Protein chains: 8
Amino acid sequence: MDQERIRTILREVKNQDLDVEAAYVKLKNLPFENLGFACLDHHREMRKNMPEVVYCPGKELEQLVAIFQAMMHSSQTVIGTKADIMVFRQLRDKIPELRYHDRARIIYWQEKKPATLGQVALLTAGTSDIPIAEEAAVCLELMGVQVQRVFDVGVAGIHRLFDKIGVINEAQVVIVVAGMEGALPSVVAGLTRRPVIAVPTSVGYGASFHGMAALLAMLNSCAGGIGVVNIDNGYGAAALSFAILNSIKA
Amino acid sequence: MDQERIRTILREVKNQDLDVEAAYVKLKNLPFENLGFACLDHHREMRKNMPEVVYCPGKELEQLVAIFQAMMHSSQTVIGTKADIMVFRQLRDKIPELRYHDRARIIYWQEKKPATLGQVALLTAGTSDIPIAEEAAVCLELMGVQVQRVFDVGVAGIHRLFDKIGVINEAQVVIVVAGMEGALPSVVAGLTRRPVIAVPTSVGYGASFHGMAALLAMLNSCAGGIGVVNIDNGYGAAALSFAILNSIKA
Amino acid sequence: MDQERIRTILREVKNQDLDVEAAYVKLKNLPFENLGFACLDHHREMRKNMPEVVYCPGKELEQLVAIFQAMMHSSQTVIGTKADIMVFRQLRDKIPELRYHDRARIIYWQEKKPATLGQVALLTAGTSDIPIAEEAAVCLELMGVQVQRVFDVGVAGIHRLFDKIGVINEAQVVIVVAGMEGALPSVVAGLTRRPVIAVPTSVGYGASFHGMAALLAMLNSCAGGIGVVNIDNGYGAAALSFAILNSIKA
Amino acid sequence: MDQERIRTILREVKNQDLDVEAAYVKLKNLPFENLGFACLDHHREMRKNMPEVVYCPGKELEQLVAIFQAMMHSSQTVIGTKADIMVFRQLRDKIPELRYHDRARIIYWQEKKPATLGQVALLTAGTSDIPIAEEAAVCLELMGVQVQRVFDVGVAGIHRLFDKIGVINEAQVVIVVAGMEGALPSVVAGLTRRPVIAVPTSVGYGASFHGMAALLAMLNSCAGGIGVVNIDNGYGAAALSFAILNSIKA
Amino acid sequence: MDQERIRTILREVKNQDLDVEAAYVKLKNLPFENLGFACLDHHREMRKNMPEVVYCPGKELEQLVAIFQAMMHSSQTVIGTKADIMVFRQLRDKIPELRYHDRARIIYWQEKKPATLGQVALLTAGTSDIPIAEEAAVCLELMGVQVQRVFDVGVAGIHRLFDKIGVINEAQVVIVVAGMEGALPSVVAGLTRRPVIAVPTSVGYGASFHGMAALLAMLNSCAGGIGVVNIDNGYGAAALSFAILNSIKA
Amino acid sequence: MDQERIRTILREVKNQDLDVEAAYVKLKNLPFENLGFACLDHHREMRKNMPEVVYCPGKELEQLVAIFQAMMHSSQTVIGTKADIMVFRQLRDKIPELRYHDRARIIYWQEKKPATLGQVALLTAGTSDIPIAEEAAVCLELMGVQVQRVFDVGVAGIHRLFDKIGVINEAQVVIVVAGMEGALPSVVAGLTRRPVIAVPTSVGYGASFHGMAALLAMLNSCAGGIGVVNIDNGYGAAALSFAILNSIKA
Amino acid sequence: MDQERIRTILREVKNQDLDVEAAYVKLKNLPFENLGFACLDHHREMRKNMPEVVYCPGKELEQLVAIFQAMMHSSQTVIGTKADIMVFRQLRDKIPELRYHDRARIIYWQEKKPATLGQVALLTAGTSDIPIAEEAAVCLELMGVQVQRVFDVGVAGIHRLFDKIGVINEAQVVIVVAGMEGALPSVVAGLTRRPVIAVPTSVGYGASFHGMAALLAMLNSCAGGIGVVNIDNGYGAAALSFAILNSIKA
Amino acid sequence: MDQERIRTILREVKNQDLDVEAAYVKLKNLPFENLGFACLDHHREMRKNMPEVVYCPGKELEQLVAIFQAMMHSSQTVIGTKADIMVFRQLRDKIPELRYHDRARIIYWQEKKPATLGQVALLTAGTSDIPIAEEAAVCLELMGVQVQRVFDVGVAGIHRLFDKIGVINEAQVVIVVAGMEGALPSVVAGLTRRPVIAVPTSVGYGASFHGMAALLAMLNSCAGGIGVVNIDNGYGAAALSFAILNSIKA
């Protein structure tokens, strides 16, 4: 869309309907919308083919309202991550169209469902890892990706995993969410040829150091084919899956 | 191949040509070759469709000789990573077919070139990051992947990167290798819709803490679509790229 | 002022109007005001030409009242940083002249506006970094510095920054506030010849380790011309800017 | 033995053959042998029923000679750990009875073989972990423990482990040695009811932080029944196994 | 029990009463019970001969209810660790049979008392370490282990410990719980030939770093025969004791 | 006192008024008082000549009541550190003799004032460090030590310190309490020949890492004559001062 | 220069002497020189008005030769930092014009001396910090800055510093280089109104953690007006000074 | 001495024999000797009554020669710490009076023996800790302090320590040197009323993190009366002992 507008402007310059300076001003103003405190970047969706995503913590209510409204004007899907339910309730008073997924702690709005893009197998080591997995799942489903949930298959009972190898191999991408010792991605990557996205969680206590133990384990995996995202970053795993599925489709 | 053998065994059981216990023994012995100190896992190649890879440090010469010889018997491509040239020279005295890439510090042997699988753009922030990038590149090329090298385009001169956006977007996967502040993957991921594999390097000094600074920066990227591997893990980036390209091809 | 008093004392010694010991006692008592728990240092303002600044956390209400009152007696501008609104309200009951900036969490009092000193460009990577940026901005404005705010221009949408290069280059000093991966100062320093003051923030989660990731990234910047202050230390960036602008003016 | 001597002394006191002070002096001098720089503690063997063990690094040759000689005088088995071969060669020039195990880096001397005490299964994740495993194995064998070595069964090829469950369950204690992500102890503890002693190794690079990643993973294991020893502490695993087998036998 | 069922199935296959595929399906479904979010692993109890244990934090009430109910259906003893009393109260409203130990923060249910298995001496360095010690004690008692509590015998008054050596040596296993400098396990292991399980606690402040100081001290103990579990992991010490006592009994 | 009782017992043994076993039992029971959960160590006061001190956090009310009551029975001075006012109020309901110092967060009871022991100069870098300094001061005064408070003389206004050199040199011991960069002990130790006890505090934010920065600075001081205690450990500084003053007096 | 060329191109476009596409190609090729492995960025010098600087470690000899030659073609001053003398000797064999400063470990070449820009006071806490200070000094002098060296004035003998206040206040910028506890910048910033650039060094041992202690101290300084650079980053301090002096001059 | 000169100058001013400015110049030049790279501070000896001490690493030979020569001119005792024997040999070629203690790695020179000051008990946990203990011992003996060495009495054989309580209590100060778990100072401080100076050493491996484990243990000691110095800082313990003994004597 913007590319069309840019070509139009350039053709006008060529045809002398627009001088260089005026063209420059038009181009400069095209993609940005100035909210005073936040330069929303609508180009990003074009470049990334991805929904707009807002990281909610540390933003004031008025800022969130303005950001969501601007995004809903220009995008088909808007996602707010790590959002407390209290934040959602205050936002919904201002923007009634917003919805909330409480396990995933995601605020979202979607004008229309996107086309189906592919399939992701989503594993967790334990039950306590489910909220982060759901953050990934909700984001993926809003991006048009089918999600196969395989929860609570951690390495302390490794045979439970073997029952699920079929599901894993049918997907194009595998996301593995694990806290504590973070060993599951290594085992899964040893069993499948699919790319594995490892998500460490802060589940644990003591020497888990809020997810540091799981993060280090995943980075040091002796199995090939693993990419790691930040601790508790369910959205990050969804975004990387989406990029991979887009590359597959392209 | 093994799947055929397993089906043959099962049909024999069904046909009463083999009792259950004997079948069990046959199955058990099928995939492992016992070297005394190392259970080589030839199933892995089947499961992962990937060359055999040996992490060389900490292994004795006799162990390396035995491992390489066993792998060369069962695989078409064998790769040894993080290998000093002295180790290579000692190994080559025993196994003259081995080759060495000195910048990448890789020992390799390849019976025949694999089919072309896809294309990866490989970026480095600085010149000092090139050895790790070459570790990834050599592995990828031995896996049948085409590699577009784009070196020395770090964020301190960010306009140098923009010249290369075409190369980046033509690839199916982008690998970004960076030490010091590790900022390049964030910028690249903001410019492309391709999956980005971030490789922190130990290039730097002082508060880089041997790559910790770059690693943390990459994990905390505010741009979506990034998976991180271990510090200096060029092979890991190649393996993840390979898994993604395989998913694309499948 | 004090220098005049010292000269007066010394002339009195020379003229035998004052014996050495009495002169010593006078000099000793000149600059300190004893509040019992806090030796206020009015010399500091002379030496530093800077407003008095109080770090509020961990101080009791009675201590804060006494410190503010003593400072307001001897200075033209008094600033209290990292102050909760509840602390402000209790303080204002005792000292009604105090004012509060709630986003910056700053309590302040200013007898008269200082002369204009220069211009600082103040950038943030994201919206969540704004409170720390405002801490810097409010301090700077109370010091007589003009502040150009350029918010939400982080590296995941790097082209947003390029629109602002003019503003950056017009300033004498550039402050860059960023959390998460902390990559923005490197990019900015690569684009301008101005000194860049980098402020890491605790914005982020997981492996951001409360700002550690951003701090390390900024310290390891491959771009020259960057000085780093403590995590979330907006005031520190203002103080360093002020010192630079004073050097320029001198 | 000492307990008998103590009882003899006490009976002498009771029988007035010894006054209290003289008895006190006798008791005090009984167990210590003074080498000037090292108080050898022969009681320890009595209390612990374990061979004398010397940690060799940081000790001078003369000190090592004196310590080994004193221990050989009072014990049946003497073990020196983490010893370079150069240290051994210098020691052997002075004490020709000493022997060396080069993979385990252990200097030892044994007057007579101890009675057989039990059986330990000793697993490693990779080939590079073998030196630390051999440190444990050599110590155990000198203590009279049978060792079943099961090497190179790491989680990236988890099916290799299942072939060995029989060996694992036949032992009274299982030692698992692993570097990198340190995931193997969790999997093993999920498969056996035996106590599992986890030994992290410094095998790895980058974010393995010299064994820290493996150590943290093992401490955070979601499987019960695991005790962890120091990084690269093969001897420590042997000592704990020995204490357990002694409790079993007692 | 399951082993009997498996043998029955295999005999049916042998007798041609069941074809291979049907047998496979039966076997596959045998051990798992699908709760949607958690694959309970009843095999684990068989393999480990241990009660089912649930780590409560981070699980929702509905999840906990379902997990407890399923476990109570298949096990004789169920334990929930690190449970706040509020969680217990909500759970008890749904499952009135549950009980709570408030110092240990354990929810439990036990159908019948297990046979006595052995004896553990349980030491704490200070009074503040008692809650973690009680977590271990309650788990052990529910597993049929006798517990001798020896509390508040830390190294700052080391003579208090010597009075208790008899109790320590009578046990088959010794658990030592200590925060702050974590020195007690070294001293105890120097005094007994029993295996010592060291539990660091987060008791302390400042440079204790939430138990890190005690953990490191225990891992670096110069005394042999010590296995370390995670910080505050009373349950882990119980589970390892149980595995050792089982090995003794077997 | 106990030494007298021990001599009495020994004389009775010598005189055959007591058999060895009975004497052993008497001796064993002498110094300990068994509260069930805490072995109070009254010997410690004899050995250390110091008041009894209780670290209050993590102890239950009933435990604190019993500990205080037992100590008040056997000691002249009892001190409880790091105590919230709510804890004090609950304790006072049971033991009305207890007193509280709210800035120091200390509960105390003292039967009679001890003899004067010596003089300590107590410095703080800032006003926020005063609570930790008062913890030291209150403990010292209860131990009979005179305290000269010199607050708020941090290095950013180093001339304020010079005015106080007389006070510093008059004391036998100097305690320096500082947070943030923790530089004051180095400067003070460079100015006096007195022993300097450095107390890092958790005052600060960001990269102070809860006192870690100050702790490391103090440990690395280039000035000789400094001993460091734990972060926020005012009591520890008092105890070390007391030990030094006792050595002086002895 | 380049700005003139760009204007020329744009005027040609305006005058129809150049079509848009050709102009685009010309612009794109203007600033980059392609060495195969390193995109040298000559724009940087224009943007930053600073000499070209090469970080030497991790680069191969051939790479360094090519980089130096290209830079010497386009710049007036070229600096290589952290260079071993062996590297210099090999380089000089290829490029005889290169010079070396051995204390600063800097390779340099300068076509003509730049105009004088201003004055920097350069302080060190100890003698061991001098090499890093000289790295800063040599860079500054090659940039046209006058350097006043004030070495060995650390806080353990703080009165030595006061003698130098005149030198400090005469400079426009003050650089303070310190290892160990890193306290000197706080003291200096408390004494001058000049901007202070703090350089932590890795001088020290034990808990200095290779400069971490000094770095943290400097970041947490309670004195305003300090900017911190990486550990041992003398060049970084020079670059920031240069940027400040340029702002002053502009 | 200097105090006399200062009084002389002041009397001259009073008597008009000296004008103020000339007096100022005289005073300013009195205590400093300018070596170009190092401002030796002879005042320090006056202020601290301590020998001059040079930290040798990182200083060039010429610097060391000049520093030693200047110090030998003004002091009676000069000590160089952490000195390799090669450094000593080069220095001795220039200054033949220098002596070397090779276990302590100390270079020293002493014009005349100081008066006896007091007595220190010096304990080590193990034999490997002796070099650091000797660093303390040699410094102390050069300062006139008597040293009672009690080596190898670590907590794994705690009864060895009890034999030495008499020696400990006879000293005025106790230094305890320990690596690995660093538990010995806690035990010693629980047994004596003397001030205890704890010296962590880097003896150990794995999770000792070069002395970090011992350092943290010592800082967290539950026993009162302990001051901690830097890892491996034998000199620091001597300097603190010396300051205490001076206070005692004063």
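**View 1. The four-stranded open sheet of chain F.** In this predicted model, four strands of chain F are arranged as an open sheet in the order β3-β4-β6-β5, and their pairing is mixed. The edges of the sheet are formed by β3 (52–55) and β5 (99–101) of chain F, each of which pairs on one side only. Ignoring direction, neighbouring strands of this sheet are turned by 20° against each other on average. At one end of the strand order, β5(F) is joined by three bridges to strand β6 (residues 106–110) of chain F, and these two strands run antiparallel. Within this pair, R99(F) has Y108(F) in β6(F) as its bridge partner. As a general point, strands of a sheet pair through backbone hydrogen bonds, and the pairing may be parallel or antiparallel.

**View 2. The open sheet of chain C and the helices that lie on it.** Chain C holds an open sheet of four strands in the order β3-β4-β6-β5, with mixed pairing. At its edges stand β3 (52–55) and β5 (99–101) of chain C, each with a single partner strand, so one side of each is left without a neighbour in the sheet. From one strand to the next, the twist averages 20°. The edge strand β3(C) pairs in the parallel sense with strand β4 (residues 77–81) of chain C, over four bridges, and in this pairing Y55(C) stands opposite T81(C) of β4(C). Helix α4 (residues 61–74) of chain C lies across β3, β4 and β6 (106–110) of chain C, and runs at about 175° to β3(C). Helix α6 (residues 130–142) of chain C also packs on the sheet, where it touches β4, β5 and β6 of chain C, and its direction makes about 5° with that of β6(C).

**View 3. Helix α11 of chain C.** Helix α11 of chain C comprises the 16 residues 234–249, which at 1.5 Å a residue should span 22 Å; the C-alpha atoms at its ends are 23 Å apart, in agreement with that expectation. The helix is mostly covered, since 14 of the 16 residues of α11(C) are buried, a term that stands for a relative accessible area under 20%.

**View 4. The surroundings of Q119 in chain B.** Q119(B) is placed in strand β7 (residues 118–124) of chain B. With a relative accessible area of 16%, Q119(B) is buried, because the cut-off for that term is under 20%. Leaving aside residues up to four places away in sequence, Q119(B) touches V145(B), Q146(B), Q148(B), A171(B), Q172(B), V173(B) and L245(B).

**View 5. Chain A as a whole.** The secondary structure of chain A amounts to 11 helices and 11 strands. Of the 250 residues in chain A, 63% are buried. Among the contacts in chain A with a separation of 6 or more, 67% are between residues 24 or more positions apart. The area that chain A exposes is about 9200 Å², of which carbon and sulfur atoms supply 49%.

**View 6. Chains C and G as related copies.** A turn of 180°, with a shift of 0.0 Å along the axis, lays chain C on chain G with an RMSD of 0.0 Å. The two copies are thus related as by a two-fold rotation axis. Of the interface residues of chain C, 100% are also interface residues in chain G, so the copies meet through the same surface.

Note on methods
Residues numbered from 1 in each chain as written. Chains lettered and ligands numbered in written order. Predicted model: local features only at pLDDT ≥ 70, side-chain atom pairs only at ≥ 80, totals over all residues. Heavy atoms only, no water. Least-squares fit on C-alpha atoms with pLDDT ≥ 70 in both. Contact = heavy atoms within 4.5 Å. Pairing = 2+ DSSP bridges. Axes fitted to C-alpha atoms, helices over the stretch in contact; angles between N-to-C directions. Buried < 20%, exposed > 50% of the residue type's maximum accessible area, 1.4 Å probe, protein only. Areas by Shrake-Rupley, 256 points an atom, 1.4 Å probe, with all protein chains shown as cover. Expected span 1.5 Å × (residues − 1).
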